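Please keep the model open in your viewer and make each selection in turn as the tour names it. The stops run from one sheet to another, and then through a helix, a strand and some single residues.

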Amino acid sequence: MKKTIEMNVDMSRRRLLQGSGIAVGGLVLSTWLPPLVSKSAASEAAALGRLGDRSAEGFGAFVRVGPDGVVTVISPKIEMGQGAQTGIAMMVAEELEVDLDKVVIQEAPPNSALYTDTLLQFQATGGSTSTRYTWEPLRRAGATARILLIQAASLQWRVAPSLCHAQNGQVFGPKGLQADYGDLVEAAATLPLPDAVPLKTPEQFKLLGTPAQRLDTPAKVNGKARFTIDLQIPGMLVAASITCPVYGGRLRSVDETEARRVLGVRDIVRLDNAVAVTASNFWACQQAIKALKIEWELGSNATIGSKQLDQELLAASSRDGVVAKRTGDIEQAKQGSSSQFEAVYEQALLSHSPLEPMSCVAHVRKDACELWVGTQVPVFAQQTAAQVTGLPLEKIQVHNQLIGGAFGRRLEFDFITQAVAIARQVDYPIKLVWSREEDMTHDLYRPLYADRMQAALDKQGRPLGWEHRIAGASILARYAGSLPPSGVDADAVEVAVEPIYRLPHLQVRYIRQEPSVVPVSWWRGVGPLRGTYALECFIDELAHNAKADPVVYRLELLADQPRAQAVLRLLAEKSDWYQSLPAGQGRGVAVSSVFGSYVATLVELEMQGEFGLRIKRLISVVDCGFATNPTSVLAQVEGGTLFGLSASLFNEILIENGQVQQTNFHNYRQLRISEAPAVEVHLLSSLEAPGGVGEAGTALIGPALVNALYAASGTRIRRLPLSRAGYYPV
């Protein structure tokens with residue numbers, strides 16, 4: 001099915017507009033609106049109940065203070081383990097002057113008009129934008145509510161608002177006057193919104209910047225949390241599917257005889273490229289699928305393999321493509337150089353492999369469709385259900401669920417499309433659960449990339465000119481339908497076009513090379529991951545070529561980047577960088593500006609024989625601006641770093657005869673607990689606006705590891721994962 005994406009793109013406008021809200025059983029405030037929606041349009045949408053059946057509960061772009069004093073925040077960001085909703089709750093609680101345990105999070109329904117992330121330009125959770133996007137508007141919503149409640153109290157007491165203050169969910173006035181928020185909300189809801197809403201300065205924060213327990217942790221620890229895979233809907237049966245093993249292939253025929261004899265099987269559903277079984281339980285579904293006798297039309301991709309894809313990509317990296325960035329005169333730099341240095345870096349196809357495989361509960365009726373699903377893109381879930389069923393959008397209701405891991409996978413909705421296609425052929429709700437094998441072999445993969453780099457060097461071995469050719473698939477074009485007129489995929493060239501190093505002559509080219517045999521999509525770390533790997537490996541090679549210390553070499557080229565210098569200097573201090581190591585041991589570093597944060601990572605390892613690697617230390621220094629919740633920042637950097645370490649050591653999807661060869665974790669290896677090093681994280685104190693951290697650690701670990709391997713062994717590896725070259729952790 002062709003992807004339909006409704007994006008309002010206006011990258012030059014970042015201003016967040018405020019709109020008025022309507023009272024629904026308390027004080028309800030409009031939080032923010034996307035740049036292209038007017039104040040009046042938003043107010044009208046709320047007033048007319050265009051938010052679906054749940055508008056009566058106070059849903060919409062609102063912060064609601066109820067008569068019971070409970071604060072409900074409608075979060076535009078989905079919780080998928082990153083702790084974003086706790087940070088959002090902290091922002092509101094801080095400005096509203098309530099305890100964090102008085103805040104309840106409810107997730108926003110699909111509504112592009114109200115919930116478009118102005119950094120991503122559509123309603124989605126991803127790209128490490130959750131804190132960056134909500135930082136000012138959500139605090140402003142909390143502050144607005146506080147001001148209105150104080151005004152309501154001052155009018156009731158007939159005193160000046162300046163004589164009143166809010167604290168712990170109450171308003172206090174002169175002579176011992178006090179009132180709970182719940183007693184003031186109805187009066188506050190009738191007041192006009194203030195024209196000016198001053199926000200607290202960091203020095204005034206009581207909650208923000210302090211370690212806080214995540215709101216979702218208790219339920220996940222005690223088992224009360226329910227993910228899509230856990231759900232039980234009345235009358236529901238479980239469904240499982242088997243899809244053509246070659247992308248683009250179709251179903252030719254199927255013999256159902258043996259499958260229908262499996263106890264518990266109810267229906268067998270045929271789709272264009274798959275067969276699904278519904279049954280009373282997942283085991284019965286799997287047994288029936290194994291009993292199916294299926295013939296596939298494999299199509300034109302059935303002859304393609306990884307060797308061919310690699311050869312085609314390397315050849316493409318020598319082409320000119322389109323210019324993504326040009327400063328200075330690269331040819332002049334080459335002519336005036338004392339020497340030149342070249343290298344090619346390759347990155348593998350990667351699977352997302354989240355802990356919770358793709359799952360979706362769908363109930364299709366004649367006049368409506370309901371979905372229960374964990375998705376990063378609720379609007380797209382709604383749209384694909386409408387396309388499959390032929391129902392209007394307003395008849396599609398999406399109940400967003402907790403997400404058991406995503407890493408970009410649930411920015412896609414292919415599994416939702418399949419669930420709805422199955423559900424429309426039966427008269428009961430179904431819970432589609434993909435097996436691990438189905439999940440891994442029918443992923444949308446991080447593309448292959450080849451980075452061909454050339455530097456023109458002065459007599460000291462420092463770069464005068466820098467040419468960078470990036471060859472790979474365009475995720476943006478697949479997702480949005482086409483590339484912009486420039487022909488440049490902004491995600492593919494991120495970091496490369498804005499390097500943190502001083503490079504007076506820079507030329508970056510993008511060459512689009514699609515692997516037709518598999519679909520591609522964003523993977524945790526997105527553009528900054530692939531860009532940082534090539535850049536930080538290359539800069540490390542240049543340092544060694546110049547016989548210079550890699551940290552000193554970098555610091556000289558970072559003269560215009562004080563925040564990058566600061567994280568790198570602290571990293572050198574914490575790692576005892578300038579102290580020598582015994583033979584067979586080495587340290588490697590990487591530093592970058594990613595997702596609005598500055599990060600430096602170091603790996604110190606020891607060779608165990610020719611190919612064994614023992615990681616002795618793994619350190620990251622992070623300047624993410626103001627750390628809303630330091631506990632979450634540390635956890636995200638630790639988790640993201642280990643996630644990236646698994647990929648750097650082991651992860652690679654290989655294709656033979658058009659089919660993905662990795663089927664489960666036995667041959668798509670993950671880091672084991674016994675192999676995982678401690679991740680030492682240091683946060684630089686900062687009053688800058690918050691940056692993203694959920695993907696930052698993932699982006700730095702690969703080059704730091706490769707650079708450490710070179711320092712320890714003298715062997716330079718330019719293609720990940722390291723297991724391809726025989727390396728393994730010990």
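Begin by selecting β5, β6 and β7, three strands that form an open sheet in the order β5-β6-β7 with antiparallel pairing; helices (H or I, at least four residues) and strands (E, at least two) are DSSP runs numbered from the N terminus, and two strands pair if DSSP finds at least two bridges between them. The edges are taken by β5 (165-167) and β7 (178-180), each with a single partner strand, so one side of each is left without a neighbour in the sheet. From one strand to the next the twist averages 25°, where axes are lines fitted to C-alpha atoms, for helices over the stretch in contact, and angles run from 0 to 180 degrees between N-to-C directions. Within the sheet, β5 pairs with β6 (residues 170-172) in the antiparallel sense over 3 bridges, and Gln167 stands opposite Gln170 in β6. Now add helix α4 (residues 130-157), which packs on the sheet, touching β5, β6 and β7, with a direction at about 50° to that of β6; contact here means heavy atoms within 4.5 Å. Helix α5 (residues 181-188) also packs on the sheet, touching β5, β6 and β7, and its direction makes about 80° with that of β7.

A note on what is being viewed: this is a predicted model, in which local features need pLDDT of at least 70 and side-chain atom pairs count only at pLDDT 80 or more, while totals for chains, interfaces and linings use all residues. Residues are numbered from 1 along each chain as its sequence is written, and side-chain values use heavy atoms, with hydrogens and water left out.

Next, select the open sheet of 5 strands, whose order is β13-β21-β20-β19-β14 and whose pairing is mixed. At its edges stand β13 (322-327) and β14 (339-347), each with a single partner strand, so one side of each has no neighbour in the sheet. Neighbouring strands of this sheet are turned against each other by 10° on average, direction ignored. Follow β14 to strand β19 (residues 449-457): the two run antiparallel and are joined by 9 bridges, with Val344 standing opposite Arg452 in β19. Helix α8 (residues 306-316) packs on this sheet, touching β14, β19, β20 (463-472) and β21 (505-512), and its direction makes about 30° with that of β19.

Just outside the strands, pick Leu503, in the loop between α13 (475-480) and β21. Is Leu503 buried or exposed? With a relative accessible area of 11%, Leu503 is buried, a term that means under 20% relative accessible area, with exposed over 50% and partly exposed in between (1.4 Å probe, protein chains only). Leaving aside neighbours within four places in sequence, Leu503 is in contact with Thr327, Pro463 and Trp466.

Move now to strand β11 (residues 274-279), where 6 of the 6 residues are buried, so the strand is largely enclosed by the rest of the structure. Ala274, Ala276 and Thr278 point one way from β11, and Val275, Val277 and Ala279 the other way. Antiparallel to β11 runs strand β8 (residues 237-243), joined to it by 6 bridges, and Ala239 stands opposite Thr278 in β11. Strand β10 (residues 265-270) pairs with β11 in the antiparallel sense over 5 bridges, the two forming a hairpin with 3 residues between them.

From there, select helix α11 (residues 414-423), which contains Ile422. Of the 10 residues of α11, 9 are buried, so this helix is largely enclosed by the rest of the structure. Ile422 counts as buried at 0% relative accessibility, and among its contacts, not counting residues up to four places away in sequence, are Leu271, Ala276 and Thr278. The C-alpha atoms of Ile422 and Leu271 are separated by 7.8 Å, although the two residues are 151 residues apart along the chain.

Finish at Lys431, in strand β18 (residues 430-433). Which side chain of opposite charge is nearest to Lys431? It is Asp230, 6.6 Å away, and the buried Lys431 has no salt bridge, defined as a side-chain nitrogen of Lys or Arg within 4 Å of a carboxyl oxygen of Asp or Glu; Lys and Arg count as positive and Asp and Glu as negative, while His and the chain ends are not counted. Instead, look at the backbone: the side chain of Lys431 reaches the backbone oxygen of Ile229 at 2.9 Å, and the backbone oxygen of Leu231 lies 2.9 Å from a polar atom of that side chain.

Note on methods. Polar contact = N/O pair within 3.5 Å; in protein donor to acceptor, adjacent residues only side chain to side chain.
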